[in-house]
Amino acid sequence: RCKNLSVSFWNSYWMLPSDVCGVNCFWEAAFRYDYMKTHPSEKMHLAVVACGERLEETVTMLRSAIIFSIRPLHFHIFAEDQLHESFKDILDDFPDEGKVNYTLYPITFPTESAAEWKKLFKPCASQRLFLPLILKSVDSLLYVDTDILFLRPVDDIWSFLGKFNSTQIAAMAPEHEEPRIGWYNRFARHPYYGVTGVNSGVMLMNMTRIRRKYFKNDMTPVRLQWGEILMPLLKKYKLNITWGDQDLLNIMFFHNPESLYVFPCQWNYRPDHCIYGSNCKAAEEEGIFILHGNRGVYHDDKQPTFRAVYDAIKNYSFGDDLVHSLLQPLELELQKTMHTYCGRVYKIFIKQLSKSIRDLYARRSKG
């Protein structure tokens, strides 16, 4: 029944029965509840790498994580030294309520190859490759790019850790749903995972397993551990890769496909999912769970639907009513974007957001 709801949120929000959901929604909720029940106080670890002009974007992402999440969050923020004080000033003013901690780290790469890693693709982006080696005491971690917005609790993607089988060490979403517009299957000059490759902007990792695993590769018959394989991969493929560290991850999981859990596209929804017509069926049915505004779409006028969501979360003040201060103004702005392909499906941008707000208020009413 939830797939056919088309009325505007604020006219129907309080009239919706609490069980308006299809069978898939029911079983997903049941699994999530069971995982949370057996891991009630588990702290969720979220990492991000911020360089250059990414301060505001990173803070907006962190705000979106705080708004809906249930269990405690620990942010691991890797940033250039000149950004540390700004992060501290902003984060220390965030509402805490005992569930938010953060640690700031410098940008660090292996000494002998630091310059090469830092200039790979975007500045500092390849820092994510070294997180399992730096955060040695962290068992599991959700890495996200700075241009991510959470439209449902971090708890829900964190629960995928409980779905990993015995061989899986990480989870990512496909790079494309439609091979006809896929980049890897049309242009890549290196191996890549699956049909269209995977996107590393949202990457859930069991880092204990990553540190223990020996990876198959095309450089030596000997399997290599995470810390041993990165530099040889870069040396072999650096003239053939376009997207930097994401390409290296695709190569690694091409040779070790049993190690990757692939989650649906609504967990990493990007402009490519709608700029040529809607092609993320899961988002059409259930809404967008995590919005990924790559290509700088939060900061220009090329994709106003994405920018409207970003601006709404950036401008929301903690403690304000989410329906009247966030959701209603956002829907009005989204309706102005219907001249674009993404704007034509603007309701999927608020479908999950409205449910997240309803769930949040239901939790609060129960204390």
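# A guided tour of the seven-stranded sheet and a helix pair

Begin by selecting strands S6 and S7, which are joined by four bridges and pair in the antiparallel sense. The coordinates belong to a predicted model. Within this pair, highlight alanine 171, whose bridge partner in S7 is leucine 204. Now add strand S8 to the selection: S6 pairs with S8 over three bridges, here in the parallel sense. On this side, the bridge partner of alanine 171 is tyrosine 261 in S8. Colouring S6 (residues 170–174) by burial shows five of its five residues buried, so the strand is largely enclosed by the rest of the structure.

**The whole sheet**

Next, display the complete open sheet, in which seven strands follow the order S3-S2-S1-S4-S7-S6-S8 with mixed pairing. At its edges stand strand S3 (100–105) and strand S8 (260–262); each has a single partner strand, so one side of each is left without a neighbour in the sheet. Direction ignored, neighbouring strands of this sheet are turned against each other by 25 degrees on average.

From S7 (residues 198–206), move to S4 (residues 140–144). Five bridges link S4 and S7, and the pairing is antiparallel. To locate the register, select serine 140, which stands opposite asparagine 206 in S7.

**Strand S2 and its surroundings**

Proceed to S1 and S2, which run parallel and are joined by seven bridges. A convenient pair to label is alanine 50 and its bridge partner in S2, alanine 79. Follow the chain between the two strands: the path leads from S1 through helix H3 (residues 55–68) to S2, and this β-α-β crossover is right-handed.

Keep S2 selected and show its side chains. Which residues point one way from S2, and which the other way? Leu73, Phe75, Ile77 and Ala79 lie on one side, while His74, His76 and Phe78 point the other way. Seven of the seven residues of S2 are buried, and the strand is thus mostly covered.

On the way to the edge of the sheet, S2 pairs with S3 in the parallel sense over six bridges. Here isoleucine 77 has leucine 104 in S3 as its bridge partner. Add helix H4 (residues 84–91), which lies across strand S1 (44–50), strand S2 (73–79) and S3. The helix runs at about 175 degrees to S3.

**A pair of helices**

Now select helix H14 (residues 322–335) together with helix H16 (residues 348–365). How do their axes lie? The axes come within 11 Å and cross at roughly 170 degrees. An angle over 145 degrees counts as roughly antiparallel, and H14 and H16 are therefore roughly antiparallel to each other. To display the contact between them, show Leu322, Val323, Leu327, Leu330, Glu331 and Leu334 in H14. These residues meet Phe349, Ile350, Leu353, Ser354, Ile357, Leu360 and Tyr361 in H16.

**The full protein**

Finally, return to the whole protein, which has 16 helices and nine strands. Of its 367 residues, 56% are buried. With a surface representation switched on, the accessible surface comes to about 16300 Å², and carbon and sulfur atoms account for 53% of this area. A contact map would complete the view: among contacts between residues at least 6 apart in sequence, 73% join residues at least 24 apart.

Note on methods: Residues are numbered from 1 along each chain as its sequence is written. This is a predicted model: local features need pLDDT of at least 70, side-chain atom pairs count only at pLDDT 80 or more; totals for chains, interfaces and linings use all residues. Side-chain values use heavy atoms; hydrogens and water are left out. Buried means under 20% relative accessible area, exposed over 50%, partly exposed in between (1.4 Å probe, protein chains only). Contact means heavy atoms within 4.5 Å. Accessible areas come from the Shrake-Rupley method with a 1.4 Å probe; for residues, only the protein chains shown count as cover. Two strands pair if DSSP finds at least two bridges between them. Axes are lines fitted to C-alpha atoms, for helices over the stretch in contact, and angles run from 0 to 180 degrees between N-to-C directions. A crossover is right-handed if, with the strands pointing away from the viewer, the path from the first strand over the helix to the second runs clockwise. Angles under 35 degrees count as roughly parallel, over 145 as roughly antiparallel, 65 to 115 as roughly perpendicular and the rest as oblique.
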